[in-house]
Amino acid sequence: MGAVASTQDELYQDAASLYGAALERLARAYEADPEIRRDLLQDIHIALWRSFEGFDGRCSLRTWIYRVGHNVAASHVLRQRRTRSQALVGLEELENLPDANSGQQVADRSHALNRLLSLIQRLKPLDRHVILAYLEGLDAASIAETSGLSAGNIATKIYRIKNMLVRQFQQGGPDHE
Amino acid sequence: MNELENPVQKMWQDQPVEGIRMSAEMIHKRAAKFERRIMWRNVREYVASLIATVLFGYFLVTARDVLSRVTFGLFIAAMVWIVFQLHRKGSAKRMPLGVDTLTSLRFYRAELERQRAAVANVWSWYLAPMVPGFVVYTVGFAIRFPRPAAWAGLVLMDGMVTVMFFVIWKMNVRAARCLQRMIDELNAAE
């Protein structure tokens, strides 16, 4: 029992050191309110610690951490839907948004980041999962493993994400400062 | 990880973070609080039925006539049945944490569907089992007190019980509609 608890603590410490920043970015993408976001992040950390009791190493530590993080955050979004009325949209709807840069250039990195966050926060949980995993640099196979979607589905979604990001950010966006 | 092919990925990963960490002690404390919350929720589900069963048990033992004993026996049987059904239909299952997001969303939807089915059919498993006890009680009371005034009181009491059953049923129908809306939103969100 003591050894299990120790392994659980050690796994959690490793996870928090390696992926703490990624989990913070994940929480930011799922909750706009800073106070509630702090609670969400704590919930993710506690869920992660609890989950390591049942971690059997059949998937990588990174896959496990992203799964737990997204599951807690997606549950949070679904619970919050009872009190928030804004409809969640799919990637295809974001892809068809008018170009942000056609009228007004994205002024600076902070502005661009806020705009990116507001786009992500409108997405349905699965699409939000895919775009976040893509932004974190996960490859298609890893995204499929963490989201449960098929490889073909992921490829289509990544294609849409790239199109949307180009249209919204890269015509005078953050790389054109 | 992939080579970062898109400058937006770099922008995303380079954003400043607060570096929030939780100590092992804090984690253990919060996890214990969570477990206690779950335990008390489960205890609350059963304690009211347990109190009622003990009370009816006392009435059963101290009752002087057969019809009263049958009445309280039926109430106890109904309570046991309701607690069993509460456990079977109503207990919240914990979401498995390490599964992929699609599986977790499907689990969440299945839980909502299970809860909706339980509250939508509350008549059959929560209210109907109490009816035989009330019927036998009414008959027994009417036999023991064959006076119009007593019968009027009995009609009033049965009327109140009927209204209470109706209110419970309506509240559960409303809860089922609310759960259905959540299921529809979840379907749209998948």
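I began by fixing what a helix is here: a DSSP run of H or I with at least four residues, numbered from the N terminus. I also kept in mind that this is a predicted model.

**Entry 1: chain A at a glance**

With that in hand, I read along the sequence of chain A and wrote down the pattern α-α-α-α-α-α-α-α. The tally for chain A is eight helices and zero strands. I looked up burial next, and 44% of the 177 residues in chain A are buried. For contacts in chain A with a separation of 6 or more, I noted that 71% join residues 24 or more positions apart.

**Entry 2: the two domains of chain A**

The domain assignment splits chain A into domain 1 (2-80) and domain 2 (91-176). I checked how they meet: 12 residues of domain 1 and 12 residues of domain 2 take part in the contact. On the domain 1 side, the elements giving two or more residues are α1 and α3 of chain A. Which of them gives the most to that side? It is α3(A), with six residues. I sorted the domain 1 side by residue type and got eight nonpolar, two polar and two charged.

**Entry 3: the nonpolar cores**

I went looking for the largest nonpolar core and found 59 residues in it. A:Ile44, A:Leu48 and A:Ala73 have the most contacts inside this core. Helix α1 (residues 2-30) of chain A supplies the largest share, 11 residues. Both domains of chain A take part, as the core draws at least three residues from each of domain 1 (2-80) and domain 2 (91-176). Apart from this core there is another, of six residues, and B:Phe56, B:Phe72, B:Phe75 and B:Ala78 are among them. A reminder to myself: in soluble globular proteins, nonpolar side chains tend to be buried together.

I then zoomed in on A:Leu48. Setting aside residues up to four places away in sequence, A:Leu48 touches A:Tyr12, A:Ala15, A:Ile65 and A:Val68.

**Entry 4: A:Leu40**

My next stop was A:Leu40, which sits in helix α2 (residues 34-51) of chain A. Is A:Leu40 buried or exposed? I called A:Leu40 buried because it has 24 C-beta neighbours inside 10 Å, and the cut-off for buried is 20 or more. Leaving out neighbours within four places in sequence, I listed the contacts of A:Leu40 as A:Ala27, A:Tyr30, A:Glu31, A:Ala73 and A:His76. For A:His76 I also took the distance: A:Leu40 and A:His76 are 36 residues apart in sequence, and their C-alpha atoms are 7.5 Å apart.

**Entry 5: helix α7 of chain A**

How many of the eight residues of helix α7 (residues 140-147) of chain A are buried? I found six, so I noted this helix as mostly covered. The buried ones are A:Ser142, A:Ile143, A:Ala144, A:Glu145, A:Thr146 and A:Ser147. I followed what they pack against and found α3 (61-80), α6 (125-135) and α8 (151-169) of chain A, together with α4 of chain B. Just after α7(A), I spotted A:Gly148 with a positive phi of about 90°.

**Entry 6: where the chains meet**

Now for both chains together: 37 residues of chain B are in contact with 50 residues of chain A. On the chain B side, two or more residues come from each of α1 (7-14), α2 (24-62), α4 (101-120) and α7 (148-189) of chain B. I sorted that side of chain B into 21 nonpolar, 10 polar and six charged residues.

I picked one helix pair to follow up. The axes of helix α5 (residues 109-120) of chain A and α1(B) come within 10 Å and cross at roughly 95°. The crossing angle therefore makes α5(A) roughly perpendicular to α1(B). From α5(A), the contact uses A:Arg109, A:Ala112, A:Leu113 and A:Leu116, and from α1(B) it uses B:Val8, B:Met11 and B:Trp12. By type, I counted six nonpolar, no polar and one charged residue in this contact.

**Entry 7: B:Tyr126**

Last lookup: B:Tyr126 lies in helix α5 (residues 122-127) of chain B. B:Tyr126 is buried because 22 other C-beta atoms lie within 10 Å. I took one distance from here too: B:Tyr126 and B:Leu67 are 59 residues apart along the chain, with 23 Å between their C-alpha atoms.

Key:
Residues numbered from 1 in each chain as written. Chains lettered and ligands numbered in written order. Predicted model: local features only at pLDDT ≥ 70, side-chain atom pairs only at ≥ 80, totals over all residues. Contact = placed C-beta atoms within 7 Å. Nonpolar A, V, L, I, M, F, W, Y, C, P; charged D, E, K, R; others polar. Core = buried A, V, L, I, M, F, W, Y, C linked by C-beta atoms within 7 Å. Buried ≥ 20, exposed ≤ 12 C-beta atoms within 10 Å, placed from the backbone. Domains from an automatic or database assignment. Axes fitted to C-alpha atoms, helices over the stretch in contact; angles between N-to-C directions. Parallel < 35°, antiparallel > 145°, perpendicular 65-115°, else oblique.
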